[in-house]
Amino acid sequence: MESPVVLGTESSCDETGAGLVRDGRLLGHAVASSMDEHARFGGVVPEIAARAHLHSFMPVVREALDRAGLGMADIGAVAVTTGPGLSGALQVGLAGAKTLAFSLGVPLYGVHHLAGHVAADTLEHGPLPEPCMVLIVSGGHTSLLLVRDLARDPIVHLGDTIDDAAGECFDKVARVFGLPYPGGPAIDRSAREGDPRAVAFPRPLTGARDARYDFSFSGLKTSAARWAEQHRLRGGELPLADGAASLQEAVADVLTRKAVAACREHGVGTLVVVGGVAANSRVRALAEERCRAAGIVLRVPSLNLCTDNGAMIAAVGDLLVRAGTEPAPLDVSIDPSAPLEYAALHPVALAAVRSA
């Protein structure tokens, strides 16, 4: 029997996304970004993001349906990001998803945003092997996870960032270098003409035995900022390409070194790299090189599925539906700082007060 079509919506930050998935197959998706509105401020402004989601939500859903050749009546379930993310942005998305689910008479599922990034890979490469190692690298998150059944089992954290995530490091250093927002793509472009060995930037936590799978990019950010400041104090021109290439190499080195080591230690044969920073050319290339040398299968989604999108949320919703997961209650709320424990995220407002 064919599973229902699942509509997934994403609104945790500055992209409004909608996607449609059935039985692990992506039928269509669309994304509207408010990035250009935030660029002049050098980062995401929560109020602007929430307003943009309000304007874009229904047009994006309709565009995804059009691309899939479907209508509203074809939707059999709705999945929505309920955390983590910007509070106002999440609220807009949840209100829209609740309205659709209620009006269509279909079940609603709350989804953890980071589980969505993990599931994005399944839309191109099929079901995740059990177990697999997952490296999530994005603007606000850097985590190394041991994943079994994404829809049913708890997600095991081997390591997480203890300060700045990889994407934050790129954004902050790009600003110091005088590059535009978002910093990750700008660093990547500048690095193409540079020498990755030109500057000996540190590799944080690579020698720490008690935190061997944790990440820390705050010190690397500071080191890059001081390097740029020293050049400017001497009155010389900043060798931007070399600085960008060296920074990118340091980040890619740390990420891939730890991920491959974790695969070896836990006897896992597949590494999945997801999230916005998985679009970085050097991260992808070095991961491929090191996985090949270690005999590890590498899976990385295509660029349009690395950044935030509704297809990845629909993919989780599809897995939850097929696993027989209970839908979210009518009073499901958001959790802007939700830890990644399970793919389903059904927080209820005032739950702590009620149980007190």
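This report describes the two largest pockets of a predicted model.

Rolling a probe the size of a water molecule over the atoms shows where empty space is left.

The largest pocket has a volume of about 1,200 Å³. Its lining consists of 44 residues, and those closest to the centre are S138, G139, D171, Y181 and P182. Five elements each give two or more residues to this lining: the strand β3 (25–33) and the helices α4 (113–120), α6 (166–177), α7 (183–191) and α11 (303–306). Among these, α6 provides the largest share, with seven residues. Sorted by class, the lining of the largest pocket holds 18 nonpolar, 16 polar and 10 charged residues.

The second largest pocket encloses about 330 Å³ of space. A total of 18 residues line the second largest pocket, and T122, P127, L128, L319 and R322 lie nearest its centre. Two elements, α5 (122–125) and α12 (310–322), each contribute two or more residues to this lining. The largest share, four residues, belongs to α12. By class, the lining of the second largest pocket divides into nine nonpolar, three polar and six charged residues.

The table below sets out the main values for each pocket.

| Pocket | Volume | Lining residues | Element with the largest share |
|---|---|---|---|
| Largest pocket | about 1,200 Å³ | 44 residues | α6, seven residues |
| Second largest pocket | about 330 Å³ | 18 residues | α12, four residues |

Methods
Residues numbered from 1 in each chain as written. Predicted model: local features only at pLDDT ≥ 70, side-chain atom pairs only at ≥ 80, totals over all residues. Heavy atoms only, no water. 1 Å grid on protein atoms, 1.4 Å probe; cavity = no way out; pocket = protein on both sides within 12 Å on 5 of 7 lines; lining within 4 Å. Points joined across faces, edges and corners; volume = space filled by probe spheres on them. Nonpolar A, V, L, I, M, F, W, Y, C, P; charged D, E, K, R; others polar.
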